[in-house]
Amino acid sequence: MKNDESKPIYTISDLAQAFDITTRTIRFYESEGLLQPQRAGQKRLYGHGDFVKLKLIVRGKRLGFSLAESKELIEMYDPQHNNQDQYQKVLEKVQESRTRLEQQKRDIETMMRELDAHEARVRHAMESLS
């Protein structure tokens, strides 16, 4: 949908479908101050800025960022200063997420070895019963 100035206008259903999330999730982001739709009666109308913010939130979630972290990054947007601080913060968050995921991977590998060992013990015990 487009408005008179040829800028895209999205309904809550449009955004939910575009990002494969629920309308309830979008309303939650709105309640957290991340999205500011205009109102046409009961209908929420989201602009291009809301679309971009939602895209960043969804991407941040996939990268392991908390909603608070995504909000912080969005609020740092400052094109007048080349977004240097925002980019630096994104790099820090990416590294933090990478470190956290590497630890989780090590933890999973440890659990898999423990499961393998336990399974072998149980199978051995079952064989000795036969």
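Me: How far apart are the C-alpha centres of domain 1 and domain 2?

Reply: They are separated by 33 Å. Domain 1 covers residues 7–64 and domain 2 covers 82–130, with bounds that come from an automatic or database domain assignment. The model is predicted, so local features need pLDDT of at least 70 and side-chain atom pairs pLDDT 80 or more, while totals for chains, interfaces and linings use all residues. Residues are numbered from 1 along each chain as its sequence is written, and side-chain values use heavy atoms, with hydrogens and water left out.

Me: What makes β2 and β3 paired strands?

Reply: Two strands pair if DSSP finds at least two bridges between them. β2 and β3 (residues 43–46) are joined by three bridges and run antiparallel, so they satisfy that definition. Among the partners, Gln38 is bridged to Leu45 of β3, and Ala40 to Lys43 of β3. The hairpin of these strands has two residues between them, and Gly41 there takes a positive phi near 70 degrees. Strands, like helices, are DSSP runs numbered from the N terminus: a strand (E) needs at least two residues, a helix (H or I) at least four.

Me: How do you know that β1 is paired with β3?

Reply: Two bridges join β1 to β3, and these strands run antiparallel. One bridge partner of β3 is Tyr10, which is matched with Tyr46.

Me: Why do β1 and β2 stand at the edges of the sheet?

Reply: The open sheet holds three strands in the order β1-β3-β2, with antiparallel pairing. β1 (10–11) and β2 (38–40) each have a single partner strand, so one side of each is left without a neighbour in the sheet. As a general point, strands of a sheet pair through backbone hydrogen bonds.

Me: Why is Asp20 called exposed?

Reply: Exposed means over 50% relative accessible area, buried under 20%, and partly exposed in between, with a 1.4 Å probe and protein chains only. Asp20 has 70% relative accessibility, so it counts as exposed. Asp20 lies in the loop between α1 (12–19) and α2 (23–31). Its phi is positive, about 55 degrees, although Asp20 is not a glycine; most residues other than glycine have a negative phi.

Me: What makes Asn83 buried or exposed?

Reply: The relative accessibility of Asn83 is 9%, so Asn83 counts as buried. This residue is in the loop between α4 (67–75) and α5 (84–129). Asn83 also has a positive phi of about 55 degrees without being a glycine.

Me: Which residues is Ser97 in contact with, leaving aside its neighbours within four places in sequence?

Reply: Contact means heavy atoms within 4.5 Å, and Ser97 meets this with Leu63, Gly64 and Phe65. Ser97 belongs to helix α5 and is buried, with a relative accessible area of 3%.

Me: How do you know where the largest pocket lies?

Reply: Domain 1 and domain 2 both give residues to its lining, so the largest pocket lies between them. A pocket is an open set of points on a 1 Å grid over the protein atoms alone, where a 1.4 Å probe fits, with protein on both sides within 12 Å along at least five of seven lines; lining residues have an atom within 4 Å of a point. The lining comprises 13 residues, and Leu56, Arg59, Leu73, Gln86 and Val90 are nearest the centre. At least two lining residues come from each of α3 (48–62), α4 and α5. The space in this pocket is about 260 Å³, a volume being the space filled by probe spheres set on the points.
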